[in-house]
Amino acid sequence: TGEDLLISVPVGTIARIADTDTVVADLVRDGQQALVARGGRGGRGNAAFKSGRNRAPRLSENGEVGEARWLELELKIVADAGIVGVPNAGKSTLLSVISAATPEIADYPFTTVVPNLGVAEVSHVQIVFADIPGLLEGAHDGVGLGLEFLRHVERSRVLVHLLDGASPDPAGDYEVINQEMMLFNPALAKRPQMIVLNKIDLPQARE
């Protein structure tokens, strides 16, 4: 019998059978394992056919062929809190302040194109924050790589909705992001949210 083949993947990985889109594994815990393809039953060597009359049989049995599958792997970041908002709202800056994470920060939209993770400790409890790249209107249809970004929101237990206080319409931005999340997955409409208004020190935010 051959040894098991173990493939390490990040926490949050979903494995699907490519041609049927059937989910065969959803790995949300560290160390979690799942069987995605079963190996064939092992064969028998000549010793298995040994008898009192035939001490050295020249007979063996081949093993069975195992399952062969094409799998698609999708990573959905697992976090306690997901930081969402429009591009350039200050999500990465917030993450860098509350944790030891060092995401790239610049004064232009879409500096973040992949989620960043940071761990903050509050009252001796560690909380994992995910900086979700900025979302645009039409994100649920794939605008601005929206589908790539929205799938990471699904794994967050709560959402930190960061509003850009310097935006011409922060309330409108809030409605757009919530609408996009709901259109992507209606369950996100019920996800607890903490609303944070950023950049309130800027003159245009006070107007």
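**Group meeting: from N88 to the overall fold**

Good morning. I begin with a single residue: N88 is partly exposed, at a relative accessible area of 26%. The terms here are as follows: buried is under 20% relative accessible area, exposed is over 50%, and partly exposed lies in between, with a 1.4 Å probe and protein chains only.

A word on the source. This is a predicted model, in which local features need pLDDT of at least 70 and side-chain atom pairs count only at pLDDT 80 or more, while totals for chains, interfaces and linings use all residues. Residues are numbered from 1 along each chain as its sequence is written, and side-chain values use heavy atoms, with hydrogens and water left out.

To return to N88, its place is in the loop between β4 and α1. Helices here are DSSP runs of H or I with at least four residues, strands are runs of E with at least two, and both are numbered from the N terminus. What is the sign of phi at N88? The phi of N88 is positive, about 65 degrees, although N88 is not a glycine. Most residues other than glycine have a negative phi. K199 is a further case, with a positive phi of about 60 degrees, and K199 is not a glycine either. K199 is placed in the loop between β8, residues 193–198, and α4, residues 203–206.

I turn now to the whole chain. The protein contains four helices and eight strands. Read from the N terminus, the order of elements is β-β-β-β-α-β-β-α-β-α-β-α. The radius of gyration is 25 Å, well over the 17 Å that the globule rule gives for 207 residues, so the protein is more spread out than a compact globule. That radius is taken over C-alpha atoms, and the rule is 2.2 Å times the number of residues to the power 0.38. The C-alpha trace spans about 100 × 40 × 30 Å along its principal axes.

As for burial and surface, 32% of the 207 residues count as buried. The accessible surface is about 13200 Å², and carbon and sulfur atoms hold 53% of that. These areas come from the Shrake-Rupley method with a 1.4 Å probe, and for residues only the protein chains shown count as cover. Among contacts with a separation of 6 or more, 58% join residues 24 or more positions apart, where contact means heavy atoms within 4.5 Å.

On charge, there are 19 positive and 27 negative side chains, and the centres of the two sets are 18 Å apart. Lys and Arg count as positive, Asp and Glu as negative, and His and the chain ends are not counted. Each charge is placed at NZ of Lys, CZ of Arg, CG of Asp or CD of Glu.

Next, the helices. Which residues of α1, residues 91–98, are buried? They are K91, S92 and L95. Down the axis of α1, these buried residues fall within an arc of 95 degrees, so they line one face of the helix. The arc is that of the directions from the helix axis to the C-beta atoms. The buried residues of α1 pack against β4 (79–84), β5 (116–122), β6 (125–131) and β7 (156–164). L95 has 0% relative accessibility and counts as buried. From L95 to N116, 21 residues away in sequence, the C-alpha distance is 8.3 Å.

Helix α2 is mostly covered, with six of its eight residues buried. Those six are G146, F149, L150, R151, H152 and V153. Their cover includes β3 (71–75), β4, β7 and α3 (170–184). H152 belongs to α2, residues 146–153, and is buried at a relative accessible area of 5%. Apart from neighbours within four places in sequence, H152 is in contact with L75, K76, I77, P115 and I132.

A further histidine, H161, sits in strand β7. Is H161 buried or exposed? At 1% relative accessibility, H161 counts as buried. With neighbours within four places in sequence set aside, the contacts of H161 are V84, Y174, I177, N178, Q193, M194, I195 and V196. The C-alpha atoms of H161 and V86 are 9.4 Å apart, with their positions 75 residues apart along the chain.

I close with T20, in the loop between β1 (13–17) and β2 (23–27). T20 is partly exposed, at a relative accessible area of 47%. Its C-alpha atom is separated by 9.9 Å from that of L71, 51 residues apart along the chain. Thank you.
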